[in-house]
Amino acid sequence: MDRLVILVDDTLALRMLTNGALIVDDDQVATTCSWWWRLTSALHGGRGGFLSRRIERQPRTVRHGLEVLVDRLDQRFHVVDLRQLIPAMGPAAGEHRLNFLAAEALTAAAFLGADIVVGQDTPRLREAARVRGITYLVEA
């Protein structure tokens, strides 16, 4: 696999799967286990958040196709195994006061040498990325 260019959150992954929000090859895209879980949970659990509402607006046939894509997301996007990230996540969380999702994202981006591109801004992650010299962009 070539160098990964971007690490995307669940919001942006959903946009990419439904309408191709970014113009990049899938093999240059990664996401985290947590963001993948949140997307899967929104599809199957009706959690009532932004992702769930966006998915519920789709026709049933589109939702079914999306379920298949999300269940096999790791075949389109690279997903870093948490066993490789957890040793560095604790120190990152402590240093930057990050929750699990943000610590995983910051550590995954550093591990992959990837930029973080999100559909929803997370200020603490943004600041931690700045401090660590990781590019952080919000896709509007």
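Tutor: Before we start, helix axes here are lines fitted to C-alpha atoms over the stretch in contact, and angles run from 0 to 180 degrees between N-to-C directions. Helices (H or I, at least four residues) and strands (E, at least two) are DSSP runs, numbered from the N terminus. This is a predicted model, where local features need pLDDT of at least 70, side-chain atom pairs count only at pLDDT 80 or more, and totals for chains, interfaces and linings use all residues. Residues are numbered from 1 along each chain as its sequence is written, and side-chain values use heavy atoms, with hydrogens and water left out.

Student: Okay, where in the chain is confidence highest?

Tutor: pLDDT is the predictor's confidence in each residue, from 0 to 100. The chain averages 87, and 90% of the residues score at least 70. Confidence bottoms out in helix 3 (residues 50-56), at a mean of 82. The top score of 98 belongs to helix 7 (residues 123-132).

Student: How do helix 5 and helix 7 pack: roughly parallel or roughly perpendicular?

Tutor: Helix 5 (residues 82-96) packs on helix 7 with the axes 11 Å apart and an angle of about 105°. Under 35 degrees counts as roughly parallel, over 145 as roughly antiparallel, 65 to 115 as roughly perpendicular, and the rest as oblique. So helix 5 against helix 7 comes out roughly perpendicular.

Student: And what residues meet there, and how many of them are charged?

Tutor: Ala92, Glu95 and His96 from helix 5 meet Arg124, Ala128, Val131 and Arg132 from helix 7. For sorting, Ala, Val, Leu, Ile, Met, Phe, Trp, Tyr, Cys and Pro count as nonpolar, Asp, Glu, Lys and Arg as charged, and the others, Gly among them, as polar. That splits the contact into three nonpolar, one polar and, for the charged ones, three.

Student: Is alanine 92 buried or exposed?

Tutor: Alanine 92 is found in helix 5. Leaving aside neighbours within four places in sequence, its contacts (heavy atoms within 4.5 Å) are Arg97, Leu98, Leu106, Thr107 and Arg132. Buried means under 20% relative accessible area, exposed over 50%, and partly exposed in between (1.4 Å probe, protein chains only). Alanine 92 has 0% relative accessibility, so the verdict is buried.

Student: Switching to the sheet, which strands are at the edges?

Tutor: The sheet is open, has five strands in the order 3-2-1-4-5, and its pairing is parallel. Two strands pair if DSSP finds at least two bridges between them. Those pairing on one side only are strand 3 (78-79) and strand 5 (136-138).

Student: What is the bridge partner of isoleucine 116 in strand 5?

Tutor: Strand 4 (residues 115-118) pairs with strand 5 in the parallel sense, over three bridges. Strand 1 also pairs with strand 4 over three bridges, where isoleucine 6 has aspartate 115 as its partner. For isoleucine 116, look in strand 5 for tyrosine 136.

Student: At what angle does helix 1 run to strand 1?

Tutor: Helix 1 (residues 10-19) lies across strand 1 (6-8), strand 2 (29-31) and strand 4. Leucine 7 sits in strand 1 and touches, among others, Ala30 and Thr31. Leucine 7 counts as buried because its relative accessibility is 0%. The angle of helix 1 to strand 1 is about 100°.

Student: Last one: what does serine 34 touch, beyond residues up to four places away in sequence?

Tutor: Serine 34 lies in helix 2 (residues 33-45). At 10% relative accessibility, serine 34 counts as buried. Its contacts are Phe100, Leu101 and Glu104.

Note on methods
Contact means heavy atoms within 4.5 Å.
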